[in-house]
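Dear colleague,

I am passing on the structure we spoke of, with the sequence alongside. Please open it below before you read my notes.

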Amino acid sequence: MGLTEFLAQNKRSTKVVDYVVSDEILGEDGKPAVWKLKAIPAKEDRALRDSCTKIIKNKNGQPMSQSFNQNEYFSRLVAKCVVEPDLNNVELQNAYGVMTDFELLEALLEAGEFARLLNKVQDINNYSPMNEKVEEAKN
């Protein structure tokens, strides 16, 4: 194996995946609406993690520990991976009385729907356990 396999021009572009999130949200044809999802690069994921991490300081103002808000991270990750519907559409956000993409998701979906969408997003971003990947490669 040489270096050329790892050059940017040899990397596949991120594919967009169709996924039905909810039976409650219907398209114009009366069938469940199809959402479009994509993976995000590790650098973008790192920025999301950082935005959900708060540094806790002691009374002298020195950093003492960190607090990671996992629920906020999951909401932001899912929102970042949704291509369609456009979660940043102001008209859509106004319809649900929210101001951000991840708040819209939480208002739009039921708890179980959000959990299934999160699982799909994690799968698209290759978060499945490595031992599953090894088994797939063996078959």
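The notes below go through the sheet, the core, the helix contacts and a few single residues.

Please keep in mind throughout that this is a predicted model.

To begin with the strands, there is an open sheet of 3 strands in the order β1-β2-β5, and the pairing is antiparallel. The edge strands, each of which pairs on one side only, are β1 and β5 (residues 82-84), and from one strand to the next the twist averages 40 degrees. The antiparallel pairing of β2 with β5 runs over 2 bridges, and Val82 in β5 is the bridge partner of Leu37. Helix α2 lies across β2 and β5, and its direction makes an angle of about 40 degrees with β5.

Turning to the interior, the largest nonpolar core has 28 residues, and those with the most contacts inside it are Trp35, Leu77, Val78, Leu105, Leu109 and Leu117. Two or more residues each are given to this core by β1 (16-20), β2 (34-38), α2, α4 (101-108) and α5 (111-124), with α2 giving the most, namely 6 residues. If we leave aside neighbours within four places in sequence, Leu77 is in contact with Ile40, Asp45, Leu48 and Val121.

How do α2 and α4 lie relative to each other, roughly parallel or roughly perpendicular? Their axes come within 8 Å and cross at roughly 95 degrees; since angles of 65 to 115 degrees count as roughly perpendicular, α2 and α4 are therefore described as roughly perpendicular to each other. The residues that meet here are Ser75, Arg76, Val78 and Ala79 from α2, and Asp101, Phe102, Leu105 and Glu106 from α4.

Glu72 deserves a separate paragraph. This residue is found in helix α2, which spans residues 70-81, and its relative accessible area is 18%; because buried means under 20%, Glu72 counts as buried. The side chains of Glu72 and Arg76 are joined by a polar contact of 2.7 Å, and, leaving aside neighbours within four places in sequence, Glu72 is also in contact with Ser51 and Cys52.

Two residues in the loop between β5 and α3 (90-96) come next, and one of them is Pro85. The peptide bond that leads from Glu84 to Pro85 is cis, with omega near 5 degrees, whereas most peptide bonds are trans. The other is Leu87, which has its place in the loop between β5 and α3 and counts as buried at 3% relative accessibility. Beyond its neighbours within four places in sequence, Leu87 is in contact with Ala79, Val82, Gln93, Asp101, Leu104 and Leu105. The C-alpha atoms of Leu87 and Met99, which are 12 residues apart along the chain, are separated by 9.9 Å.

Lastly, there is a backbone point to look at in the loop between α5 and α6 (130-138), where Asn126 lies. Phi of Asn126 is near 60 degrees, a positive value in a residue other than glycine, whereas most residues other than glycine have a negative phi. Is Asn126 buried or exposed? Its relative accessible area is 52%, and because exposed means over 50%, Asn126 counts as exposed.

With best wishes

Conventions
Residues are numbered from 1 along each chain as its sequence is written. This is a predicted model: local features need pLDDT of at least 70, side-chain atom pairs count only at pLDDT 80 or more; totals for chains, interfaces and linings use all residues. Side-chain values use heavy atoms; hydrogens and water are left out. Helices (H or I, at least four residues) and strands (E, at least two) are DSSP runs, numbered from the N terminus. Buried means under 20% relative accessible area, exposed over 50%, partly exposed in between (1.4 Å probe, protein chains only). A polar contact is a pair of N or O atoms within 3.5 Å; within protein, one must be able to donate a hydrogen and the other to accept it, and residues adjacent in sequence count only if both atoms are side-chain atoms. Contact means heavy atoms within 4.5 Å. A nonpolar core is a set of buried Ala, Val, Leu, Ile, Met, Phe, Trp, Tyr and Cys residues joined through side-chain atoms within 4.5 Å. Two strands pair if DSSP finds at least two bridges between them. Axes are lines fitted to C-alpha atoms, for helices over the stretch in contact, and angles run from 0 to 180 degrees between N-to-C directions. Angles under 35 degrees count as roughly parallel, over 145 as roughly antiparallel, 65 to 115 as roughly perpendicular and the rest as oblique.
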